[in-house]
Amino acid sequence: MNKHKLIERLEKFLQWRKLDAYKLLYALHSVNPPLIRYYYVLCLLCLVPLSALRLPTRAIEVLFNRVAKTILSRTSCLVKYKLLEDTWIAFSVPDLESIEIVSPLFEFTNLNLIVALIKKFGCEGTFIDCGSHVGKYSITLSKMYPSLKIVAIEPNKVNFMHLLRNIRINNVGNVIAIKRALYSRKGMMKLFVSDFLGRHSIMFKRGKVFEVVQATTLDEIVTTLRLKPVIIKIDVEGAEKHVIRGARITLRRYKPVVLVEVNDKGVFKELAEIGYKCSYLRELLTGDVTPYALCVATKHSSSTLMST
């Protein structure tokens with residue numbers, strides 16, 4: 001390995017360890033009760049060295065997460081931190097991974113990009129959160145922009161229960177929560193339940209357990225609620241391509257900016273057929289390419305949006 005490559009790998013290692021240190025500080029100041037806080041810190045201290053050494057950690061993560069779910073089901077855990085100068089935000093979470101998901105560090109680039117886009121377009125339209133989980137994006141944006149209309153869509157019953165609770169404890173009135181799976185057609189579908197509550201999927205069989213959920217299309221929701229979307233976030237664990245197929249009318253009519261997780265590069269083809277151009281995002285905290293893409297319709301200046 002040459003000198004420049006070695007320095008690059010060292011810099012990357014230090015960037016990730018710095019991020020892990022921020023996670024520890026976040027946990028110590030944000031997670032309550034103390035039992036959950038110190039359990040989360042313990043898990044981080046165990047898993048960080050293993051992942052740094054590239055050792056297999058999946059089985060250990062699953063074990064830690066199952067223990068956390070048992071504790072959380074018997075306690076009331078809230079993750080609370082200061083969002084703005086005089087604004088606090090709190091989240092009820094169902095498992096260990098969700099504590100990290102709702103942190104301001106997780107998907108830092110995505111959230112900051114959406115905030116920049118809202119500043120650019122204003123709060124006249126609707127932000128649609130496809131695959132809302134417990135509402136990290138929806139609740140955060142609702143606290144920052146009380147006049148912005150937000151629709152949060154989540155199919156899993158446990159996540160949806162926490163989403164409703166988070167709407168209530170944060171006292172936000174501009175979020176509409178919908179318990180549905182999104183797909184290219186309406187009907188009943190199997191949602192495979194993962195050990196990690198942010199990874200349930202109708203496409204990937206991530207466990208033997210499943211729940212039957214009602215699926216619908218984004219076009220159906222937009223038409224029924226008479227929405228005018230300006231930004232759509234799609235994170236549906238492999239079904240992104242099918243969600244886009246079920247949103248063709250909406251995308252052609254309103255040309256919203258789309259932030260989509262790329263589990264299948266077929267999403268690029270689907271969006272290109274409707275006149276969208278996509279570009280992968282780069283994580284601001286670590287410099288890594290994220291699995292998300294920013295997709296814009298030809299009515300927008302793509303170069304302007306990419307630089308936002």
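This passage walks through the sheets, the aromatic pairs and a few individual residues of a predicted model.

The seven-stranded sheet comes first. It is open, with mixed pairing, and its strands are ordered β6-β5-β4-β10-β11-β13-β12. The edge positions go to β6 (175–178) and β12 (276–282); each has a single partner strand, so one side of each is left without a neighbour in the sheet. From one strand to the next, the twist averages 15°. Further in, β10 pairs with strand β11 (residues 257–261) in the parallel sense, over 4 bridges. Lys233 has Leu259 in β11 as its bridge partner. Two helices can be placed against this part of the model. One is α8, which packs on the sheet and touches β4 (126–130), β5, β6 and β10, with its direction at about 140° to that of β5. The other is helix α7 (residues 157–169), which lies across β5 (149–153) and β6 and runs at about 165° to β6.

Next up is a smaller assembly: an open sheet of 3 strands, again with mixed pairing, in the order β7-β9-β8. Here β7 (181–182) and β8 are the edge strands, and since each has just a single partner strand, one side of each is left without a neighbour in the sheet. The mixed pairing is easy to trace strand by strand. On one side, β7 and β9 pair in the parallel sense over 2 bridges, and Ala181 stands opposite Ala215 in β9. On the other, β8 and β9 run antiparallel and are joined by 6 bridges. Met188 has Gln214 as its bridge partner in β9, while Phe192 is partnered by Phe210.

That last partnership leads straight to the aromatic rings. A pair of aromatic rings is described by the distance of the centres and the angle of the planes. Searching the whole structure turns up 4 aromatic pairs. One of them is formed by Tyr39 and Phe64, with 6.2 Å centre to centre and 80° between the planes, in an edge-to-face arrangement. This pair links distant parts of the chain: Tyr39 belongs to helix α2 (residues 34–52) and Phe64 to helix α3 (residues 58–74), 25 residues apart. Both Tyr39 and Phe64 are buried.

What arrangement do the rings of Phe192 and Phe210 adopt? Their centres are 6.2 Å apart and their planes stand at 65°, and because planes over 60 degrees apart count as edge-to-face, the pair is edge-to-face. Phe192 sits in strand β8 (residues 187–192) and Phe210 in strand β9 (residues 210–216), so the pair ties together parts that are 18 residues apart in sequence. How buried or exposed is each ring's residue? Phe192 is buried, at a relative accessible area of 13%, whereas Phe210 comes out as partly exposed at 39%. Phe210 also has a charged companion, as Lys190 lies over its face at 4.5 Å from the ring centre. A similar arrangement turns up at Trp88, where Lys80 lies over the face of the ring, 5.6 Å from its centre.

Two individual residues round things off. Ser142 lies in helix α6 (residues 136–144). Its relative accessibility is 2%, so Ser142 counts as buried, given that buried means under 20%. The side chain of Ser142 reaches the backbone oxygen of Ile139 at 2.7 Å. Setting aside residues up to four places away in sequence, Ser142 touches Ile150, Val172, Asn174 and Val175.

Lys228, by contrast, is found in the loop between α8 (218–225) and β10 (229–234). With a relative accessibility of 58%, Lys228 counts as exposed, because the cut-off for that label is over 50%. Which residues does Lys228 contact, leaving aside its neighbours within four places in sequence? They are Gly125, Thr126 and Tyr254. Asp264 sits 36 residues from Lys228 along the chain, and the C-alpha atoms of the two are separated by 27 Å.

Conventions: Residues are numbered from 1 along each chain as its sequence is written. This is a predicted model: local features need pLDDT of at least 70, side-chain atom pairs count only at pLDDT 80 or more; totals for chains, interfaces and linings use all residues. Side-chain values use heavy atoms; hydrogens and water are left out. Rings of Phe, Tyr and Trp (its six-membered ring) pair if their centres lie within 6.5 Å; planes under 30 degrees apart count as stacked, over 60 as edge-to-face and the rest as tilted. Buried means under 20% relative accessible area, exposed over 50%, partly exposed in between (1.4 Å probe, protein chains only). A charge sits over a ring if NZ of Lys or CZ of Arg is within 6 Å of the ring centre and within 35 degrees of the ring normal. Two strands pair if DSSP finds at least two bridges between them. Contact means heavy atoms within 4.5 Å. Axes are lines fitted to C-alpha atoms, for helices over the stretch in contact, and angles run from 0 to 180 degrees between N-to-C directions. A polar contact is a pair of N or O atoms within 3.5 Å; within protein, one must be able to donate a hydrogen and the other to accept it, and residues adjacent in sequence count only if both atoms are side-chain atoms.
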